[in-house]
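Let's walk through this model together, one piece at a time. Keep the sequence and the 3D view side by side as you read.

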Amino acid sequence: EPGGSGDTNAIPTISVDAIPASRSLWNGHIVVHTSPGEVSTEATLLLFSLEDFSNVASAVHYERPTEAADIATRYTEYDLESWRIPTEDEARFLRELYLEYSDELGELFDEAQATPVVVTDDKDNNIRYLCSGAQRTYSFRSGSGYTSIKNAGAAVENYHMRLVNTVKVQVK
């Protein structure tokens with residue numbers, strides 16, 4: 001089924017040799033966070049897409065309101081489907097993580113051959129990323145003026161989007 005839900009029971013469990021750490025690569029995917037499971041042999045991973053989509057319209061766009069959702073539905077990375085647009089909480093987490101660990105994440109992105117996160121355009125304008133069903137936006141730019149999550153614009157056609165995926169892993 002396309003898209004993600006908050007119900008972790010709906011997430012398939014993947015067998016692993018060891019639980020991947022936060023801020024690591026696992027099967028070519030970027031693991032941004034590892035949440036321990038009920039038992040020490042299980043965990044839930046939050047993955048960050050290798051692809052950075054640009055020039056995406058929001059869900060409130062006049063002419064292209066389904067564009068972001070369509071991209072998320074179609075996106076697969078290696079063997080994983082069910083990628084989705086981050087929630088507001090995930091967007092806040094991703095921003096804080098990126099600001100705190102930008103060098104480390106940059107190295108991971110290079111190693112994974114991922115498209116880098118884009119903070120500003122060539123004119124030093126802030127780049128905003130879609131979250132919350134592509135109805136809201138957030139930024140990876142540092143500074144207190146860029147922390148807020150804002151409503152997406154109906155005429156803006158150049159948002160960026162990075163997808164996330166939640167998977168459960170269990171040691172074999």
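**Hairpins, turns and one buried alanine**

Strand 3 and strand 4 (residues 42–48) are paired antiparallel, with six bridges between them. Strands here are DSSP runs of E with at least two residues, helices are runs of H or I with at least four residues, and both are numbered from the N terminus. Two strands count as paired if DSSP finds at least two bridges between them. Five residues separate strand 3 from strand 4, and the two form a hairpin. If you would like a landmark in this pairing, find H33, which stands opposite L46 in strand 4.

Before going further, a word on the model itself: it is predicted, so to speak of local features pLDDT of at least 70 is needed, side-chain atom pairs count only at pLDDT 80 or more, and totals for chains, interfaces and linings use all residues. Residues are numbered from 1 along each chain as its sequence is written, and side-chain values use heavy atoms, with hydrogens and water left out.Now step back to strand 2 (residues 24–26), which runs antiparallel to strand 3 (residues 29–36) and is joined to it by three bridges. L25 has I30 of strand 3 as its bridge partner. Strand 2 and strand 3 form a hairpin too, with two residues between them. In that turn sits N27, with a positive phi of about 50°. With a relative accessibility of 52%, N27 counts as exposed; the cut-off for exposed is over 50%, buried means under 20%, and partly exposed lies in between, using a 1.4 Å probe and protein chains only. From the C-alpha of N27 to that of F48 is 13 Å in space, with their positions 21 residues apart in sequence.

While you are looking at the strands, a general point may help: the side chains of a regular strand alternate between the two faces of the sheet.

Let's move along the chain to another hairpin. Strand 6 (128–131) and strand 7 (136–139) pair in the antiparallel sense over four bridges. Y129 and Y138 are bridge partners here, with Y138 in strand 7. Four residues lie between the two strands of this hairpin, and S132 in the turn has a positive phi of about 50°. Strand 7 also pairs with strand 8 (residues 150–151), again in the antiparallel sense, over two bridges. In this pairing, T137 stands opposite K150 in strand 8.

The loop between strand 6 and strand 7 also holds A134. Is A134 buried or exposed? Its relative accessibility is 1%, so A134 counts as buried. What does A134 touch, once its neighbours within four places in sequence are left aside? A134 is in contact (heavy atoms within 4.5 Å) with S58, A59, A68, I85 and A152. Take S58 as an example: A134 and S58 are 76 residues apart in sequence, yet their C-alpha atoms are 5.1 Å apart in space.

Two more loops deserve a visit. Between helix 1 (67–74) and helix 2 (88–100) you will find Y78. Y78 is not a glycine, but its phi is positive, near 55°. Y78 counts as exposed because its relative accessibility is 58%. Further along, the loop between helix 3 (102–112) and strand 6 contains Q113. Q113 is not a glycine either, and its phi is positive at about 55°. Its relative accessible area of 73% is why Q113 is exposed.

With those details in place, zoom out to the whole chain. How many helices and strands are there? The chain has three helices and 10 strands. Read from the N terminus, the order of elements is β-β-β-β-β-α-α-α-β-β-β-β-β. The chain has a radius of gyration of 16 Å, close to the 16 Å that the globule rule gives for 172 residues, so the chain is as compact as a globular protein of that length. That radius is taken over C-alpha atoms, and the rule is 2.2 Å times the number of residues to the power 0.38. Along the principal axes, the C-alpha atoms fill a box of roughly 50 × 35 × 25 Å.

Of the 172 residues in the chain, 41% are buried. Among contacts with a separation of 6 or more, 64% join residues 24 or more positions apart. At the surface, the chain exposes about 9,000 Å², with carbon and sulfur atoms supplying 45% of it; this area comes from the Shrake-Rupley method with a 1.4 Å probe, and for residues only the protein chains shown count as cover. As for charge, the chain has 14 positive and 27 negative charges, and their mean positions are 6 Å apart. Lys and Arg count as positive and Asp and Glu as negative, while His and the chain ends are not counted. Each charge is placed at NZ of Lys, CZ of Arg, CG of Asp or CD of Glu.
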